[in-house]
Every structure is written in structure tokens, then in C-alpha cells.
There are 4 protein chains.
Amino acid sequence: ELGSFTKDIGKVEPDYIRSFQFEDKLIPSTWVVVRIDGCHFHRFSEAHEFVKPNDEQAINLMNTCAVAVLKEFHDLVFSYGVSDEYSFVLKKDSQFCQRQASEMVSVLVSFFTSMYVMKWKDFFPQKELKYPPCFDGRAVCYPSYEILRDYLSWRQVDCHINNQYNTCFWELVKSGKTKTEAQNALKGTQTGDKEKLLRQFGIEYNELPVMFRRGSSAFWGTTRIDKNGECNGNSGKRVVVQHCNIIEPSFWDALPTILSG
Amino acid sequence: ELGSFTKDIGKVEPDYIRSFQFEDKLIPSTWVVVRIDGCHFHRFSEAHEFVKPNDEQAINLMNTCAVAVLKEFHDLVFSYGVSDEYSFVLKKDSQFCQRQASEMVSVLVSFFTSMYVMKWKDFFPQKELKYPPCFDGRAVCYPSYEILRDYLSWRQVDCHINNQYNTCFWELVKSGKTKTEAQNALKGTQTGDKEKLLRQFGIEYNELPVMFRRGSSAFWGTTRIDKNGECNGNSGKRVVVQHCNIIEPSFWDALPTILSG
Amino acid sequence: ELGSFTKDIGKVEPDYIRSFQFEDKLIPSTWVVVRIDGCHFHRFSEAHEFVKPNDEQAINLMNTCAVAVLKEFHDLVFSYGVSDEYSFVLKKDSQFCQRQASEMVSVLVSFFTSMYVMKWKDFFPQKELKYPPCFDGRAVCYPSYEILRDYLSWRQVDCHINNQYNTCFWELVKSGKTKTEAQNALKGTQTGDKEKLLRQFGIEYNELPVMFRRGSSAFWGTTRIDKNGECNGNSGKRVVVQHCNIIEPSFWDALPTILSG
Amino acid sequence: ELGSFTKDIGKVEPDYIRSFQFEDKLIPSTWVVVRIDGCHFHRFSEAHEFVKPNDEQAINLMNTCAVAVLKEFHDLVFSYGVSDEYSFVLKKDSQFCQRQASEMVSVLVSFFTSMYVMKWKDFFPQKELKYPPCFDGRAVCYPSYEILRDYLSWRQVDCHINNQYNTCFWELVKSGKTKTEAQNALKGTQTGDKEKLLRQFGIEYNELPVMFRRGSSAFWGTTRIDKNGECNGNSGKRVVVQHCNIIEPSFWDALPTILSG
């Protein structure tokens, strides 16, 4: 058999076969964002009985995975997550995977997924994983700091809109409405209408947990200031998870080195 | 706060931000191969004390993941794996992920990784995962059946060359040579030389397990013929793992529907 | 000043600047078609008073340019043109411009344009070029001979549909209708309706010049058979322009070497 | 025949054929530079007996074409040319050709070429075009004003280096050396060495025409200052050709609106 293999070796031209590979290099000196999204997580969250509209443990698991990704891949300078999605920002001049899009995306998605399965038991000790969770990913380049900030603002605005809608939706369902009735009741409502609706259920939207309303930012922080304005004593460099308003310039002004790139 | 968010919503222009997304659509009517590779698996295999040169359980785990991938994603028509890599072939006219490369690659890598972590305990009941395993991936298009076959042949030839080299290398190391001495001893040797060397260690290369010498093919088989030429009774459609010579046309002639796609 | 330039030289990092260049390599072993289209040729044809619906001299000029392109770039194996567009087919394994799309397209468009201006006087001795004619171009890969043939058929079907429509339209306009009236009169008409309409103007569509009805194919022909089935005596290899039905297999069967590539 | 065509129409599926077209959209909000280069202009310049090392009329023709390009395509905000190349800068948010690279490049190359042939006689009244001149083109994105400036500086540094080399080379050839001898004589020489060499031929490099030493910039200027520092009275908006040092910030400071985007 070796003989026949030896003969077969001669037939194969690796250079020709390799010539079909193509570059998908992202333009240099731009902010690359790799966004990871859960595949069919609607179904996944039902199969694993996530609390609606927000499952705190599921979000904590996502945040834990994001922190691990930031610790593993040092070219990441910021990340923002909400629900089953997480956006990772690479520093502007990163040469991670030689900026080949497929490789960058696949490595980050794979590591994130690996962590998600490994850490599942820590967050859901009573629940077995019924089937493998799966994420997709994509890379996008943003040529300036301003547009990158616009991207992040867009994600946080989406978080707010979706969270307010979902909170209303599930309150209506819990109150006895069908899902279709709940959808119809919300059709065309504005932010103010939804606030009023929630108050009828005794919910003051702005008092809901900030993690649900604002999503989570994970990034390398050198110090952390507590609610009383005191340094929390941890001056070492570590990845922190916060739930700030990342639309307002003040967040970025206070942490100028995050995107100094 | 809602108020300020409401104001912020107006600042964000989703269409503008989305305009930075770009298509990476693969050319239609070509065979797409997504190849998954372990990241830093040299280190991973040492940390988890894989048997050298081939760890049967580690390969069985890879094959189990590949089978799960084929069962999950029905556009996959064939797969071939060796060591820490696995190639998945999509049918020629697949519209999986609308043929967007990053999405296709990330979904397959993520699912494979998820399975790898979930099934780890089944194959290594005595070993804890010390850190998250990670795979990268890339997609390549092959415009004809012939070139696709050349690609698969290339991977199997590589399997053979690497396996023969590694078998010699580890025999030399077990016999007391340092790794550097073993490398030097093998420099410039041909297939025939390596066969002779192995015989000195009492090893007949062609009698080594066929899974190590030929790698593994996972695909949908409708029936399976046993060693005596008899049907094994399972005529149902299921994913089989075989260790065939996929370079020779006879394999493909016998299973013409695999790539008829 | 040289001094300051010398200083400036040091500031420039060519490798960094070159790193922004990107590959746009077309997949190997596929049929590349570069299609050239006149930019705003509606306006150009009016400014230069082209005969409507078809200006024989304008088409002859296009064909002359195509012939020159085929003579200059030997990787082209076939071309088909109609109105102000021309499609050039490169042989499947062409390495023209290392298959970089922008370079391939720009070179062919530039040469074609150059020829168009140079040869203008030969076809329009009484007319000055009022402003520079301009063409755009794009490259598309077709992975198989069958799909390439489908592409060419599509262009010829388009030629037929457009020509029949335009012939009707201009007859109606010549008969005194406004352009809007002519458009409305043709709305929803089928091929048969248009044939009848033309007969009212004394025109038998199938007797119109074949160049208008079928477009033009320019390619390397070794011999040419005249209407009586006789060889025209020119057995030398040269680029010929014909007006054949390129949808029917018989054309390709008779000239099997054209796309043997 | 119409009958058979009617039948053939049914076989063609335009949507399927169009699906092979692919996007090559350049990333938004970046400076796109389309650089045009003469194909085989070494040969072209010999065939048309261009003066060496610089043919003033050939450069004037290039500049005239560039001015016409700027007048025709209003998204161009700056251009710089030297020898047989010209770089065109599009404004950062240009939607020219929907930012499709092949189309942008082909249109600009085609228009430039068209103009080159049309204007040839104005600059070379005694010389017939012996064959069609041809240019290639490519597009590159620069994500910031600084990198765009670096690109332009790189081209001007190249102009200086090449011009000084060529001036020396042709002086040596005119003095009786063979081309090979001239090349050898210049091997390893620095800027200072070349200046000295030229002085031996009675040439003060810095007194050579500024157009040869610095190349040409064509751009929309609102006013023009003459040698005496006076406004030339033409305050209208028109395309000017200047031979400035575009590496120094002072040029850009004086004309802040050029790249204001």
C-alpha cells in the first residue's frame, strides 16, 4: 500500500491546490469589530428554560466568556455584549491573524464557544446542556474612532429598545395575554407608552437592573471607582465588567486609554 | 435616563453603520471546503498528555464531532480528518449562510468546538480540560469535482507523510534519542528508508492501524458492507466513519452519490 | 531643496503604504468574462447622431475594437458584443494580470477605448468626436463551461429582446407617435405581437440584418465556411466576426476548440 | 428563427447568471485613490520618440488628461502625476459608482485613455499614434487624512528619486556610455553623489524644471497667486496644475479645503 501511496503523492500538486486559497485581509489601520451572535438562541433559551425577558445567569455566563476572550487575545481593547451577542474591538493596528477575516472571526468564535460550554455548569449547576450551543461571527472595519463609537452606541441603543420591548411583552404574557395579543398591544407604541404600561404592572423601568438596561462592557481597567467615588483598592490591571452608558462621551473621556490604540 | 437614551437614539444612524458591513459571498456552483484546524494543538496535546504519535481517543473525539457536524448541517456531503484538522465539503449549490464565508466558517467552527468540549469526558474520563480548546477555520472554493478530489488527495497524502515521519520520530525518542537527534536522523530520508527504520524497531508500517495511516472520512452512507462482503443489516441512512483510500477513484466509483450534489 | 527632499524621504515608509493595497484575485480555473459597457451611451449616440435603432457603422467600430483586443491579448478565447457592450472570455487557466480583477478589467477597457477613439474617423469620416467616449467594465467568474454558455446565451437573448423592442419603438416614433406614446403602445406586448406590429410597417423581422438581430461574435477562426458550404480559401488563423446563433449547441459543436481552453 | 429564439429565452435564467456577479465595494468613509499607470510605456515612449529623461509634451498631455478627468468626475478632490502614472483622490464619502472598485477604476481609466488619444495631436502634431496607448488602474483605500498624505508623499519622493537617477543615466548615455555602463556607474550612488555627477555635466539639479523634479498636482483652485504674490484676477473655480512640494504641510495648510472632504 505504501507503494501506491508513494505513487499517489506524485499526482498531487500542493501549490496548485493552495492557489485556490484567497486572501480576505482587512484594511490596515482601521478598528476591526468581531461580533459574535448566538445561532437560534431563541430555541436554545427555551430548551434551557432561560428566565424571560432577561436571564441573569445566562448574561453572567456571556460576560465570563467575554472576559476570558479579552484575557486570551491581547489585541482586544474593548467589548460590549447584550443578550446572545458580543462585539469585540481590536486595536487599530492589530496584526492578529494577519488581519485575515475568516481566521480572526473563527478563532474568537471558537474560543468563546469553548468557554461557554466549559463554564456552563458554574452558572447552571442544575441544568444539563441539552445540545451544543453555537455562535456565528463576522468582522467589520471602522475607519475612525468616531464611527467605532457610533457602532457601539448603535448596539447600546438596540439593547435599550429591545429590553424595553421585551420587558413589556413578557409582562403582558405573564398577565394572561397570548403572545400574539401581546405583540398587537405593543404595535406602534413609543418609549413613553411603554413606560406607562410597565407602571401599570408596578414596574419603574429605570429601576430595573442596569445590566439589563445597558448591556455589559468588558475591558482592561487599571482602577475601579465604587459608588461612593472611592477607589476599590484594586489598582492592578485586570478585565472589568461594567454596565455604563457608552453612548455619552463622558465614559470615554474618563477612560481615555481604552481606545488609544 | 430613558430620556437621555431617547435623545441618543436619534443620533445613531443604523443604515450608515451597517453600510460598513461587506459581503464575502463565495462564488456560486463551486465546491466549498471549510477546513478546521486546532490552534496551538501541539501545546494542547502535551498539556493533556495525548499518546504520541497518535492518540486514538483524541482522534475518536475529533471523528465524533465531525459526525455531529454532518448530522446538524445537511448541506455537508463529505468530510475528511486527520490529527487536529477536519475538512468539510459542502454540496456544490449549497446556499448555507447565503455562502457568506465568515458566517459559514464561524458556525461550523463554533458547533465543532462546542461538541468537542461537551464530548471530552466521554473520551477522556480521567482527564479534566485544563483550558478551552480552540480551532480556526477557513473556506476555499473548488470549481470542479476533479480539483475537489485533488484537494482531498492532498490532505490524505499529507496524513501519510506526517504519520510515517511522526511514527519514526517518536520511536527514535522512545529509544533514547533527544528530539534534536531524532530530527537529524530523519533529515533527507525517503519513504523506503523510514520503512526500514521502523522494521528495526519491530514495526511493519503497513500493519499499523488504518485510522492512523489514512485518516478518517465521515459521510452519509446508506448501507455498509462488512469484511465478508455482506451487508451489515443497517440499511438506514446514517453518518459513517471509514478509513479508506480516498485518492483512488475506486472509492468514489463505489459511492457515486456522495458528491453528486 | 534636495536637502529637504532627502529629509522627507526618510519620513516615508513605502512598505506601510503598500500594505493598504489589497488582492482582488479571481478564483483559478474558472472562465473569466470581462464585460465592457458604454457609459451614458444613450447621450453619446444622440450627440453623435447614431442611426436608430441600430447604427451599422457604430457596431462595426465596436467589432473592430473587439478584434483588436483579441489580437492584442492572447488569453482571450471568445467575445460577444451587442449595442454598446462587449463581453470578453478569458481561457479557464489564464494568468493574465495574475487574475487581479481591477487590473484585468482596466487594461481591457483602456485598450478598447484607445482603439475606439483611434478608429473613429475610419467609421465616421464626417463626424468629429464631440467628447471622449467612456466605457466601464467588470469581471465575473463562471466555474463551468455550461454556465459560461448560459451567460453568452443570456446576452444573445437580451440582444434579441432589445432589438425587437427598439425596432418597434423607432418605427412607432417615425410614424408620428411621441416617445411616451410608443412606450405605452408596446407595454405588455409579446414577441408575436411585435412581429405583427412590424408587418404593419412592412417589416419582416427575420429579414432584418443578422448583425442587428444576433449581435456579433469575434474569435480566432482557422477556416471559414461561406453560405454555400465552401471554404472561403482563408485557412490562416485570424480573428473573425460572425453573427451566429450562439445559444444553439451546434455553433459550439462546429468549433470545439474555441472554449477547449 | 424567432420561434427558436422564443424557445431559447425560456432556457436562460438571468437571476442565476447574475448571481455570479460579486460585490467589490470599497469600505465607506475612507480616501480612495485610483492610480493609473501606463502599460509598457517604456516601449511606447521609444516607439513615439519621447525626449529622455523627460518629455515635456508627454507630461503636458498627461496633465491635460488629468484636468479633464477632474472636470468630468466631481468627486475627485486632488490628483498627482509623474511620468506615465497619475493618482486620483476621491473625497472621503464619495458614492461614485457606489464605491464598486472595478467600475470606479475602469471608468476613470477609460475616460483618461479616451482623452489621451483625442488630445494626442494637440501635443504631438508631427507624430502619428503608432498603436493604441493603454493604461491599467487600481483602487486603494486610505482610512485617514494622514495616511493619504503619506501616500502622496511617497509618490513625490519616488518622482524625485527616479528623476534624479534618470537625469544622471541619460547624461551618461549622451556622453557616450552604453546603457549598461551607465547603470553600473550609478549603482550604489547617493543623492549627493548624483548631484556632483550632474555638475560635471554642467547641470545644477535644483535648477531643472520644477515639473520634472516635483511632478504635477491637478486640483480645483479657487484663486491663483502669481509669481509676484498678486492674485491673477481669476477668482473663478477652475482646475489648476501646479508643481508644488506636496510633502510639506505648508502646501496643505495653504489650501485647507482641498481634502476637507
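**Exercise 1. Work out how strands S2 and S5 of chain D pair, and place them in their sheet.**

Step 1. Take S2 (residues 76-82) and S5 (residues 216-221) of chain D: they run antiparallel and share three bridges. (Strands are DSSP E runs of at least two residues, numbered from the N terminus; two of them pair if DSSP finds at least two bridges between them.) For a landmark, look at D:Ser79, which sits opposite D:Ala218 of S5(D).

Step 2. Zoom out. The open sheet has six strands in the order S4-S1-S3-S2-S5-S6 (chain D), with antiparallel pairing. S4 (135-142) and S6 (238-242) of chain D are at the edges with a single partner strand each, so one side of each has no neighbour in the sheet.

A word on the source: this is a predicted model, where local features need pLDDT of at least 70 and side-chain atom pairs count only at pLDDT 80 or more, while totals for chains, interfaces and linings use all residues. Residues are numbered from 1 along each chain as its sequence is written, chains are lettered from A and ligands numbered from 1 in the order written, and side-chain values use heavy atoms, leaving out hydrogens and water.

**Exercise 2. Describe the contact between chain C and chain B.**

Step 1. Count residues: seven come from chain C and seven from chain B (contact means heavy atoms within 4.5 Å).

Step 2. Look for salt bridges, meaning a side-chain nitrogen of Lys or Arg within 4 Å of a carboxyl oxygen of Asp or Glu. The rule finds zero across this interface of chain C and chain B.

Technical notes
Helix = DSSP H or I, 4+ residues; strand = E, 2+ residues; numbered from the N terminus.
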